[in-house]
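Hi,

Here is the structure I promised to pass on. My notes on the strands and helices follow below it.

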Amino acid sequence: MAVLLETSIGDLVIDLKVDIAPKACLNFLKLCKMKYYNNCLFHNVQKDFIAQTGDPTNTGKGGASVHAKLPAAKKYFDDEITPALKHRVRGTVGMANLKPNENGSQFYITLRDQVEHLDGKHTIFGTIAEGFETLEKINSAMVDEHSAPFQNIRIWHTEILEDPYDDPEGLKIPPKSPEVIKDEEFKKIEDAEEEAELQERMAKTLAKSQATTLELLHDLPDADVAPPDNDLFVYKLNPITQDGDLELIFSRFGPIKSCEIVRDWKTGDSLQYAFVIFENARDCENAYFKMHDCVIDDRRIGVNFSQSVAKMWNKFRGGGRMSKDDAQDGEKGGGKGKGRGGKGKGKGKDKGGDGTPVLAVREEKQRGGGDQRSGGLLLDSKAGGGQDRDRGGREAPSDRGGGAGGAWGRDAPSGRDAPSDRGGGAERDARRGGGGSRRSRSRGGSGGGREGRSRSRERRR
């Protein structure tokens, strides 16, 4: 024995257990014949549990047995619980009641296998023979907090395929079925065609609300400000990576406005992340897809679109409101790093072109008119390409060939006089003179010989 239920989402065929539960099957068949179930809603759908229907009031609190329509006026009938029938398979059909022996018109269909905790509590009178696709649609329906589907699911018609029971005396059969109630289909919000698009719109609405809250708390300059779409955020950089190197690598995707590695303002050390601003958004997207998870200086970097609006805060702090146009104005100037590295400018120490510190050099004119540079450690002699180091503060003579006249240089560390021989056509002073003298110096224009050595001895005495 079977009954066909035509619902708003598909058909269900119920095979009845007339031999095991005759009272329940009689009640169900005669109610279907009276068109009692027409337009009834599935008012309670619990995913992977049960789907409940059969209440003409669609509240879950109404419904009566077929005996209530007879002269005897008995609203309920007794249970027919037997150990032979259990809720083992999906699609088991049973009577829904709140108390024992109070079965009316409501029934349920299980939506999964093995619902053991209902065994011995409710009368099972059938199983679903066909229409498991419809049963799956019911199971996946979206419901509200009361487990009622948002999109109504109704029983439109009931058709008895075979009825072994005679009609009870006094049963009234309507001449035709009631008019079918067709519910308006669930309208998708703002004409969104897919659930993914709907969720995206909801996320944008939530983000707008949160941005307005942050604006009120002065955490954002303006709720409508959006980060630029041509600004990349590069992170996990190697500390040795320089701005110029990073700009050279990213410039193969298109022209770059600025490339800035963020550095510590005090030490000038890299904080291992940077901002790369492209001329257009297309090049920025290409760089994002190609450079993410690449290796630069033995370090696998990460690339993402920048969400920073820090460059827009200057106008806000001055008392003006920010807008989307201000975002483009804030990108015109290229950022410059602070500290020691790369193209940076700021509070880091000055460095030479080769990256090594350069000591300040003091220039001091010699008495003879030539310039000589003297530092704290090295005294350079320009004539002849030679260099004499002054060790331990001793006098360091400097020889100039082809010069004229004498000159005395001042040695910066020791403060002693360092004579320079400028004899016209004369040979260099003999550094090792006779009589045990270690050094001799000539002060005359044609100097040399005994006279020069005697004058030197007298001056020492």
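Strand 7 (residues 107-110) is covered on both faces. Phe107 and Ile109 are buried on one side. Tyr108 and Thr110 are buried on the other. Keep in mind that this is a predicted model.

Strand 7 has pairing partners too. Strand 5 (residues 50-53) runs antiparallel to strand 7, and 4 bridges join them. Within that pairing, Thr53 has Phe107 as its bridge partner. Strand 6 (residues 92-95) also pairs with strand 7 in the antiparallel sense, over 3 bridges. Here Met95 stands opposite Phe107. So what holds paired strands together in general? Strands of a sheet pair through backbone hydrogen bonds, either parallel or antiparallel.

Now the other sheet I looked at. This one is open, has 4 strands and follows the order 11-12-10-15, with antiparallel pairing. Strand 11 (256-263) and strand 15 (302-305) each have a single partner strand, so one side of each is left without a neighbour in the sheet. From one strand to the next, the twist averages 20°.

Strand 10 (residues 231-235) and strand 15 run antiparallel and are joined by 4 bridges. Leu232 stands opposite Phe305 of strand 15.

Which elements does helix 4 touch? Helix 4 (residues 243-250) packs on the sheet and touches strand 10, strand 11, strand 12 (270-278) and strand 15. The direction of helix 4 makes about 140° with that of strand 11. Helix 5 (residues 281-291) lies across strand 10, strand 12 and strand 15. Helix 5 runs at about 150° to strand 15.

Best wishes

Note on methods:
Residues are numbered from 1 along each chain as its sequence is written. This is a predicted model: local features need pLDDT of at least 70, side-chain atom pairs count only at pLDDT 80 or more; totals for chains, interfaces and linings use all residues. Side-chain values use heavy atoms; hydrogens and water are left out. Buried means under 20% relative accessible area, exposed over 50%, partly exposed in between (1.4 Å probe, protein chains only). Helices (H or I, at least four residues) and strands (E, at least two) are DSSP runs, numbered from the N terminus. Two strands pair if DSSP finds at least two bridges between them. Axes are lines fitted to C-alpha atoms, for helices over the stretch in contact, and angles run from 0 to 180 degrees between N-to-C directions. Contact means heavy atoms within 4.5 Å.
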